[in-house]
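Work through the exercises below with the sequence and the model open. Each task is followed by its solution in steps.

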Amino acid sequence: MIGLRIRQVRDLLGWTQKKLESESGVDQGLLSRIEAGAEPKPETLAAIAAATGYPPSWFLRPMSEFPDGTVQFRKKAAATQRADRRARRRLEVSVELVDAALGDTGLSIPQVRFPLLDPPQNLDDIEAAAQTMRDRLGLSARGPVPHMMRALERAGAIVVPLDGDLEHHDGLSVWPDPDGGRPIIGFKSEMPGDRLRFTLAHEAGHLAMHRHGVPDGHDAELEANQFAGALLMPRHDAIKAFEGHTVTLRYLANLKAQWGIAIQALIKRAAAIGAIDKEREQLLFRQVGARGWRKNEPVQVDQEEPALIRRILERAYPDSRPNDIAQTLDFPLHLLVGIAGAGRQESDDGAEVLTLDDARRPATRRASG
Ligand SMILES: [Zn+2]
């Protein structure tokens with residue numbers, strides 16, 4: 001167990017064994033043997049704990065690793081693999097945090113309502129999948145998604161901000177338990193609001209359509225992108241928005257403000273439903289490029305923040321400060337704060353509140369939809 005924990009912490013920090021050796025003074029050969037299962041001396045463990053900033057008790061706790069193959073990885077360079085492993089580990093410890101906080105508090109969190117769909121055969125399947133997802137998320141069949149993050153959390157997903165870089169990917173998602181359980185989504189923090197909403201919708205597509213892998217000949221990324229477009233702007237709405245209109249950048253900027261979808265994603269959506277042809281699509285993308293909008297689009301879309309984990313901690317440990325909670329749970333403070341997003345303020349708009357059920361006392365019910 002200690003060996004697994006050391007590897008987990010190294011992954012979380014993005015450290016090689018060599019790096020841990022130089023930070024802790026513990027010989028790399030010994031580290032390698034401990035990671036393979038050898039029992040360390042107490043002073044060795046103390047040195048590793050001190051160097052990594054994780055409490056010694058962390059390394060003694062049992063853990064369950066995510067099964068392999070549940071994360072959508074493609075062939076990648078070593079540095080990218082390290083970044084992905086770090087992200088995956090962060091989701092792993094987030095589940096631990098949630099489980100520990102729920103442990104004996106009697107709290108229960110929203111039931112998982114994600115659909116389990118077959119991989120799509122065509123765009124019609126994807127449009128239908130997105131409609132099913134809207135239904136499960138408690139969203140109406142038409143109209144903008146008011147808060148993508150909250151909709152996913154209310155449908156039972158755990159959503160976690162990642163630290164560090166995930167190259168070529170803005171998020172990742174996992175079903176930790178292949179036979180059920182609760183889906184987890186990680187997202188790169190510091191993204192514009194529209195890109196975050198699209199990323200979340202994209203990951204929801206993977207979770208719903210690719211739970212048991214991706215069949216040969218399928219492009220999972222393309223499917224998840226098409227799903228995201230369809231989830232954020234259903235086909236009926238897209239037809240109404242695009243057909244019979246001259247689709248210009250100005251027109252798209254207005255739609256972006258209304259729908260919370262990036263201009264570039266809107267161009268793709270218009271092309272997907274056949275409202276603009278390839279030539280028009282390419283022209284619009286050239287115009288986007290010429291204005292320097294590829295990386296930096298106009299029109300700000302509100303940031304969305306996860307709330308579920310923070311709310312669990314608030315309910316499980318009322319009146320406790322993050323530092324006290326971290327000590328109670330034997331979590332490094334920075335990790336707890338990073339995962340829970342503690343300290344960040346968010347408008348407590350009743351419609352956006354997540355309800356947790358408390359078995360011990362009557363829950364204060366608030367609107368949840
Ligand atoms: Zn993806």
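**Exercise 1: One strand and its two faces**

Task: Which residues of strand β3 (residues 171–174) point one way, which the other way, and are they buried or exposed?

Solution. In this predicted model, Gly-171 and Ser-173 point one way from β3, while Leu-172 and Val-174 point the other way. This fits the general rule that side chains in a regular strand alternate between the two faces of the sheet. Next, check burial: all of these residues are buried.

**Exercise 2: Assembling the sheet**

Task: Find what order the strands of the open sheet take, and which strands stand at its edges.

Solution. Start from β3. It is joined by 4 bridges to strand β4 (residues 184–188), and the two run antiparallel. Within β4, Phe-187 is the bridge partner of Gly-171.

Now take β2. Its pairing with β4 is parallel and extends over 5 bridges. Here Leu-162 has Lys-188 in β4 as its bridge partner.

Put together, the 3 strands form an open sheet in the order β2-β4-β3, with mixed pairing. β2 (158–162) and β3 each have a single partner strand and stand at the edges, so one side of each lacks a neighbour in the sheet. On average, neighbouring strands of this sheet are turned by 20° against each other, direction ignored.

Last, add the helix. Helix α9 (residues 193–209) packs on the sheet and touches β3 and β4. The direction of α9 makes about 30° with that of β3.

**Exercise 3: Classifying a helix residue**

Task: Decide whether Glu-314 is buried, exposed or partly exposed.

Solution. Locate Glu-314 first: it belongs to helix α15 (residues 308–316). Then count neighbours: 17 other C-beta atoms lie within 10 Å of Glu-314. Buried requires 20 or more and exposed 12 or fewer, so a residue in between is partly exposed. Glu-314 is therefore partly exposed. As a distance check, Glu-314 and Ile-325 are 11 residues apart in sequence and 9.6 Å apart from C-alpha to C-alpha.

**Exercise 4: The whole chain and its confidence**

Task: What is the mean pLDDT of the protein, and where does pLDDT stay under 50?

Solution. For the overall inventory, the protein has 17 helices and 5 strands, and buried residues make up 38% of its 369 residues. The mean pLDDT is 88, with 88% of residues reaching 70 or more. Over residues 343–352 pLDDT stays under 50, and the model has 11 contacts there beyond four places in sequence. Residues 359–369 are also below 50, with 19 contacts in the model beyond near neighbours in sequence. Where pLDDT is low, predicted coordinates should not be read in detail.

Conventions: Residues are numbered from 1 along each chain as its sequence is written. This is a predicted model: local features need pLDDT of at least 70, side-chain atom pairs count only at pLDDT 80 or more; totals for chains, interfaces and linings use all residues. Two strands pair if DSSP finds at least two bridges between them. Axes are lines fitted to C-alpha atoms, for helices over the stretch in contact, and angles run from 0 to 180 degrees between N-to-C directions. Two residues are in contact if their C-beta atoms, placed from the backbone, lie within 7 Å. pLDDT is the predictor's confidence in each residue, from 0 to 100.
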